[in-house]
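I opened the model to look up a few local features and kept notes as I went along. The entries below follow the order in which I looked.

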Amino acid sequence: MRSPRRCSRNGCPRQAVATLTYVYNESTAVVGPLAAFAEPHTYDLCEQHARSLTAPRGWDVVRHEGEFEPPPPTTDDLVALAEAVREAARPAPRPPEHDQTHPEGPHQTGRRGHLRVIPPNH
């Protein structure tokens, strides 16, 4: 399942709601609504970091003036979530039962839970 995009700032666990793009030839940083897809050379930011961003001296910041809102879940997200819930609800397969009429001999390899019995070398 695809997880929501997170803020690109180190140590920030919040969900991204804005995208920062630098326009180097115009010395401008642009902070706008979250882009539909994460792209190279852009940074996803949470609302706090989007609103408090400052640019280097001599640069301009163009900032979206409206509300930053998290993107709605896509159909892909909903389908992936439904599949994950179905998978988690599915009962675990039962391990095969051992035939008690033929117990393992002392020199055979066998399994006991998560352990495996290895026969001694002769």
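I began with Tyr43, which at 38% relative accessibility counts as partly exposed, the scale being buried under 20% relative accessible area, exposed over 50% and partly exposed in between, with a 1.4 Å probe and protein chains only. I note that this is a predicted model, in which local features need pLDDT of at least 70 and side-chain atom pairs count only at pLDDT 80 or more, while totals for chains, interfaces and linings use all residues. Residues are numbered from 1 along each chain as its sequence is written, and side-chain values use heavy atoms, with hydrogens and water left out.

Next I looked up the aromatic pairs, and a search of the whole structure gave 4; rings of Phe, Tyr and Trp (its six-membered ring) pair if their centres lie within 6.5 Å, and planes under 30 degrees apart count as stacked, over 60 as edge-to-face and the rest as tilted. Tyr22 and Tyr24 form a tilted pair, 5.8 Å centre to centre with 35° between the planes. Tyr22 is partly exposed at 27% relative accessibility, whereas Tyr24 is exposed at 59%. The rings of Tyr22 and Tyr43 have centres 6.2 Å apart and planes at 70°, so I entered this pair as edge-to-face. The pair links distant parts of the chain, with Tyr22 in strand E1 and Tyr43 in strand E3, 21 residues apart; strands (E, at least two residues) are DSSP runs numbered from the N terminus. I also found that Tyr22, Tyr24, Tyr43 and Trp59 form one aromatic cluster.

I then traced the sheet, which is open, has 4 strands in the order E3-E1-E2-E4 and shows mixed pairing, where two strands pair if DSSP finds at least two bridges between them. E3 and E4 (60-63) stand at the edges with a single partner strand each, so one side of each is left without a neighbour in the sheet. E1 and E2 run antiparallel and are joined by 6 bridges, and Leu20 stands opposite Val31 in E2.

Is Asp44 in strand E3 buried or exposed? I found Asp44 buried, at 7% relative accessibility, and its side chain makes a polar contact (N or O atoms within 3.5 Å, one able to donate a hydrogen and the other to accept it; residues adjacent in sequence count only if both atoms are side-chain atoms) with the side chain of Arg5 at 2.8 Å.

Last, I checked backbone angles, since most residues other than glycine have a negative phi. Ser27, in the loop between E1 (18-23) and E2 (28-33), has a positive phi near 50°. His41, in the loop between E2 and E3 (42-45), has a positive phi near 70° and is exposed, with a relative accessible area of 69%.
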